[in-house]
Amino acid sequence: MFTVQVLLSTYNGMKYLDELVESLLAQQDVSLRILVRDDGSTDGTQAMLEQYQEKGILEWFQGENVKPAQSFRELMKKAGDAEYYAFCDQDDYWLPQKLITAIGRLKEHVEEMPCLYCGKPQLVNERLEPIESKRGHQVIHANQFGARLIVRNAIGCTFVFNRRLLDEVNRTEPHFLEMHDIWTYEVCNALGGFICYDDSVPILYRQHSDNTIGTNIQWEKRWKDRVRRFKEKNHDKLKTTQEIYRCFGDVMDPEKRQVIETLMNYQNGCRNRMRVMTSRCFLTDSKRMNRNFRFAILLGIF
């Protein structure tokens, strides 16, 4: 039986914590360990975690409020020995075969390279009833290195990964961290790891007003965020790409290094910009995403 350590960051999450833990304990055909970092909750979350720990269900520790990315980074550094690891959000509900499904896709590669599984969640409301988003949730397949620098459609709460990838992530100290799941994904990509995209539904992805990050965001809020990002030109994807190059450029194969250098250099003149816009290295299977990427390069806001 495979051993999996679940990494869970909580923050004022008592409302849905019982349901989540119930779904974790119902996972089939795996030996489960749960490690929780509380990110400075002010409700009854900490008391609930202490009760679970007294029952031997999980282990938890208290941290300062550093937000999800850094909270999960600390969890990864404190993770114990296991064959696989999985990120977990406090308000989701896992289907019983989530972990064993992921392991079935990864186990052939587990010893030879970094491995990462990404699944497709089912959007649900607060009562776990399926809901439909206007755009839905499509898994964007990016099957080449350059395209994986662009894609941001891998949902962290579906991630299952092996010890090799955990170790590679833990040996880096990025100066810029967009999100913990994005960094984990890009590290696996940089090292030529195995990334599995799965169109099955391993979790129920609860959407509600308290989501820290969610998919079913109101139209007005989504466009206000796009306008803000345009004004600030914060270049999050470019910064992440630069950090990947800084941390792993010396161990990447020459072809990948050339692709990433081409992307990082896009702002240095029209010729470099056109080279990126017309390159097939950065194409995904989503016409919308490809179009948005080219606009971002053209406007200098990638």
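What follows is a chat between a trainee and a mentor about this predicted model.

Trainee: Could we start with helix H12, and how does its length compare with what a helix of 13 residues should span?

Mentor: Helix H12 covers residues 287-299, and at 1.5 Å a residue its 13 residues should span 18 Å, which agrees with the 18 Å between its end C-alpha atoms in this predicted model.

Trainee: Which residues of H12 are buried?

Mentor: The buried ones in H12 are Met289, Asn290, Phe293, Ala296 and Ile297. Looking down the axis of H12, you find these buried residues within an arc of 125 degrees, so they line one face of the helix.

Trainee: Why would residues that are spread along a helix end up pointing the same way?

Mentor: An α-helix has 3.6 residues a turn, so residues three or four places apart point the same way.

Trainee: And what do the buried residues of H12 pack against?

Mentor: They pack against two other helices, namely H10, which is residues 254-264, and H11, which is residues 270-278.

Trainee: What follows H12 in the chain?

Mentor: Glycine 300 follows H12, and its phi is positive, near 75 degrees.

Trainee: Where else should I look for a positive phi, in residues that are not glycine?

Mentor: Asparagine 12 has a positive phi of about 45 degrees, and lysine 67 has one of about 75 degrees, although neither is a glycine. As background, most residues other than glycine have a negative phi.

Trainee: Where do I find those two, and how exposed or buried are they?

Mentor: Asparagine 12 lies in the loop between strand S1 (2-10) and helix H1 (14-25), and with a relative accessibility of 29% it counts as partly exposed. Lysine 67 belongs to helix H3, residues 67-78, and its relative accessible area of 53% makes it exposed.

Trainee: Switching to aromatics, how many aromatic pairs does the structure hold?

Mentor: There are eight aromatic pairs in the structure. In one of them, tyrosine 266 and phenylalanine 302 have ring centres 6.2 Å apart and ring planes at 80 degrees, so the pair is edge-to-face.

Trainee: Which parts of the chain does that pair link?

Mentor: It links distant parts, with tyrosine 266 in the loop between H10 and H11 and phenylalanine 302 in the segment after H12, 36 residues apart. Both tyrosine 266 and phenylalanine 302 are buried.

Trainee: Which residues form the aromatic cluster?

Mentor: Phe72, Tyr85, Phe87, Phe159 and Phe161 form one aromatic cluster. Two residues of that cluster, Phe87 and Phe159, also turn up among the contacts of aspartate 181.

Trainee: Then tell me about aspartate 181: where is it, and is it buried or exposed?

Mentor: Aspartate 181 sits in helix H7, residues 180-190, and it is buried, with a relative accessible area of 11%. Leaving aside neighbours within four places in sequence, its contacts are Phe87, Ala154, Ile155, Gly156 and Phe159.

Trainee: Phe161 was in the cluster too, so which residue is its bridge partner?

Mentor: Phenylalanine 161, in strand S8, is the bridge partner of leucine 116. Strand S8 (residues 160-162) is joined to strand S6 by two bridges, and the two strands run antiparallel.

Trainee: What does S6 pair with besides S8?

Mentor: Four bridges join S6 to strand S9, residues 194-197, and these two run parallel. There, tyrosine 117 has cysteine 196 in S9 as its bridge partner.

Trainee: Which way do the side chains of S6 point?

Mentor: In S6, residues 115-118, Cys115 and Tyr117 point one way while Leu116 and Cys118 point the other way, and all of them are buried.

Trainee: With those cysteines around, how many disulfides are there?

Mentor: The count comes to zero disulfides. Cysteine 188, for example, is in no disulfide, and the nearest cysteine sulfur, which belongs to cysteine 115, is 6.7 Å away, whereas a disulfide would need the sulfur atoms within 2.5 Å.

Trainee: Are cysteine 188 and cysteine 281 buried or exposed?

Mentor: Cysteine 188 is buried, at 0% relative accessibility, whereas cysteine 281, at 31%, counts as partly exposed.

Trainee: One last topic: in what order do the strands of the three-stranded open sheet come?

Mentor: The order is S5-S10-S7, with mixed pairing, and the edge strands are S5 (93-94) and S7 (122-124), each of which pairs on one side only. Two bridges join S5 to S10 (residues 203-206), and these strands run antiparallel, with isoleucine 203 in S10 as the bridge partner of tryptophan 94.

Conventions. Residues are numbered from 1 along each chain as its sequence is written. This is a predicted model: local features need pLDDT of at least 70, side-chain atom pairs count only at pLDDT 80 or more; totals for chains, interfaces and linings use all residues. Side-chain values use heavy atoms; hydrogens and water are left out. Buried means under 20% relative accessible area, exposed over 50%, partly exposed in between (1.4 Å probe, protein chains only). Contact means heavy atoms within 4.5 Å. The expected span of a helix is 1.5 Å times one less than its number of residues. The arc is that of the directions from the helix axis to the C-beta atoms. Two strands pair if DSSP finds at least two bridges between them. Rings of Phe, Tyr and Trp (its six-membered ring) pair if their centres lie within 6.5 Å; planes under 30 degrees apart count as stacked, over 60 as edge-to-face and the rest as tilted.
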